[in-house]
Amino acid sequence: MFRNITIIGSGSWATALVKIFSESGIHISWVVRDAALAEQIQECARNTRYLSYVDLNLDFVNPTVDLERAIHSSEMVIFALPSAYLSQAAEAIDPAWIVKKQVVVSIKGFVPGTAMVPSIFIQKKFGLVKPVMVIGGPCHAEEIAIKRNTYVTIAGTDTTNADRLKNSIQVKYINGIVNNDPSGVEYVAILKNIIGIATGIAAGLNYGENFIAVLVSNAMREVNRFLRSVNLLYRDVFDSAYFGDMLVTAYSDLSRNRTLGKLIGRGIKVSQALQAMEMVAEGYRASEELYVLTKNSELHLPIITSVYRILHQHASAFHEFKLIEKQLR
Ligand SMILES: NC(=O)c1ccc[n+]([C@@H]2O[C@H](COP(=O)([O-])OP(=O)(O)OC[C@H]3O[C@@H](n4cnc5c(N)ncnc54)[C@H](O)[C@@H]3O)[C@@H](O)[C@H]2O)c1
């Protein structure tokens, strides 16, 4: 069992992880964005900005902005902030502080400008001794906040360490599932955000459940094709880490990506829809990065490509979905 963990990030997901691990009796150094937030958390025993209704036990949670001290006092460091801010956060860390620690990432998106998934970026950036692990879905922070039964994926090439992390979670509403494909889990998390935008657009355009079920089945084929192109490791794509993570985003109204898609499907301009979102919908950037990564390949990704054209090339959602319709099977 891990006894001391640093969690970096102060949004909904970091807050949910702080809740899970502190309720498991693990001491958390919680590195938040600014001193004012650290003070507020100390005062209210809540994150006043995200999931503010969740009570935290300050006997186990120490909010701080002191990265060096936090990392020194921990066996494990978890990065849980949007992909857009990962490299900025990593810049503030001296590799010597972290090189021997067990590092975990729980981030759904490419690191901007690198075409790398977070686990590979972090492994390279710090030259870590131990392979990076990944905490994946399917999970919404909002459901963890109210203790709804949840299965999280704990992925690592060293499954003994992944088991150790799984066994460190001692709360009844969380079940860990160990997986040996950390980057595969991350790639699916990126692709499913794009698919979540697609199902949102379909709903916004007034397609019904019958159509969306076919859309999601076909999208899963695209995800599978992409996964096999990056890494031929044997995996069962019906594991909850893959198919489950996709469904939770494709169908849930808690999904920001689906919400973004819905606004666009209803005819709101992409730029305005992005502004209307209070939280980061990572599928927007991911669709562009994935397009750059795959445009010269032979991969057949019609749904993912249409989402890219709608988001980044001003293509009409209505017309793109007419094209998609013709390719579904
Ligand atoms: N929310 C979920 O249910 C969930 C579940 C699993 C994984 N994740 C992943 O966790 C990661 C974090 O997502 P989240 O839901 O906590 O995001 P969020 O939108 O709730 O939080 C945004 C976070 O970004 C920080 N931030 C905003 N601007 C910043 C800046 N300029 N520099 C540094 N930090 C800045 C905010 O302080 C906050 O910590 C994402 O990659 C997400 O995909 C989220």
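**Two domains, a ligand shell and a helix pair**

In this predicted model, 22 residues of domain 1 are in contact with 22 residues of domain 2. I'll start with that contact, then go to the ligand, then to one pair of helices.

First, the bounds. Domain 1 covers residues 4-179, and domain 2 covers residues 184-327. Taken over C-alpha atoms, the centres of the two domains are 26 Å apart.

Which elements supply the side of domain 1 that touches domain 2? Four of them give at least two residues each: helix H6 at 118-126, strand S6 at 133-136, strand S7 at 150-155 and strand S8 at 174-179. The most comes from S7, with 3 residues. Sorted by class, this side of domain 1 has 12 nonpolar, 8 polar and 2 charged residues.

There is also a record to mention for this part of the chain. UniProt, in an unreviewed entry, places the feature "domain: Glycerol-3-phosphate dehydrogenase NAD-dependent N-terminal" at residues 4-160. In the model, residues 4-160 are 34% helix and 20% strand. The C-alpha atoms at the two ends of that span lie 18 Å apart.

Now the ligand. There are 25 residues around the ligand, and those that come nearest are Gly11, Ser12, Trp13, Lys108 and Ala141. Helix H1, residues 12-23, gives the most to this shell, with 3 residues. By class, the shell divides into 12 nonpolar, 10 polar and 3 charged residues. Where does the shell draw its residues from, in terms of domains? At least three come from domain 1, and at least three from domain 2.

Last, the helix pair. Two packed helices are described by the angle between their axes and the distance between the axes. Here the pair is helix H9, residues 182-204, and helix H15, residues 302-312. The angle between them is about 70 degrees, and their axes are 10 Å apart. Are H9 and H15 roughly parallel or roughly perpendicular to each other? An angle from 65 to 115 degrees counts as roughly perpendicular, so H9 and H15 are roughly perpendicular to each other.

As for the residues that meet, H9 brings Leu191, Ile194, Ile195, Ile197, Ala198 and Ile201. On the H15 side they meet Ile303, Ile304, Val307 and Ile310. By class, that contact has 10 nonpolar residues, with no polar and no charged ones.

To go back to the start: the shell around the ligand draws on both domain 1 and domain 2, and these two domains are also in contact with each other, through 22 residues of each. That is what I have.

Terms used:
Residues numbered from 1 in each chain as written. Predicted model: local features only at pLDDT ≥ 70, side-chain atom pairs only at ≥ 80, totals over all residues. Near = placed C-beta within 6 Å. Helix = DSSP H or I, 4+ residues; strand = E, 2+ residues; numbered from the N terminus. Nonpolar A, V, L, I, M, F, W, Y, C, P; charged D, E, K, R; others polar. Domains from an automatic or database assignment. Axes fitted to C-alpha atoms, helices over the stretch in contact; angles between N-to-C directions. Parallel < 35°, antiparallel > 145°, perpendicular 65-115°, else oblique. Contact = placed C-beta atoms within 7 Å. UniProt positions renumbered as here; feature names shortened; annotations may be inferred.
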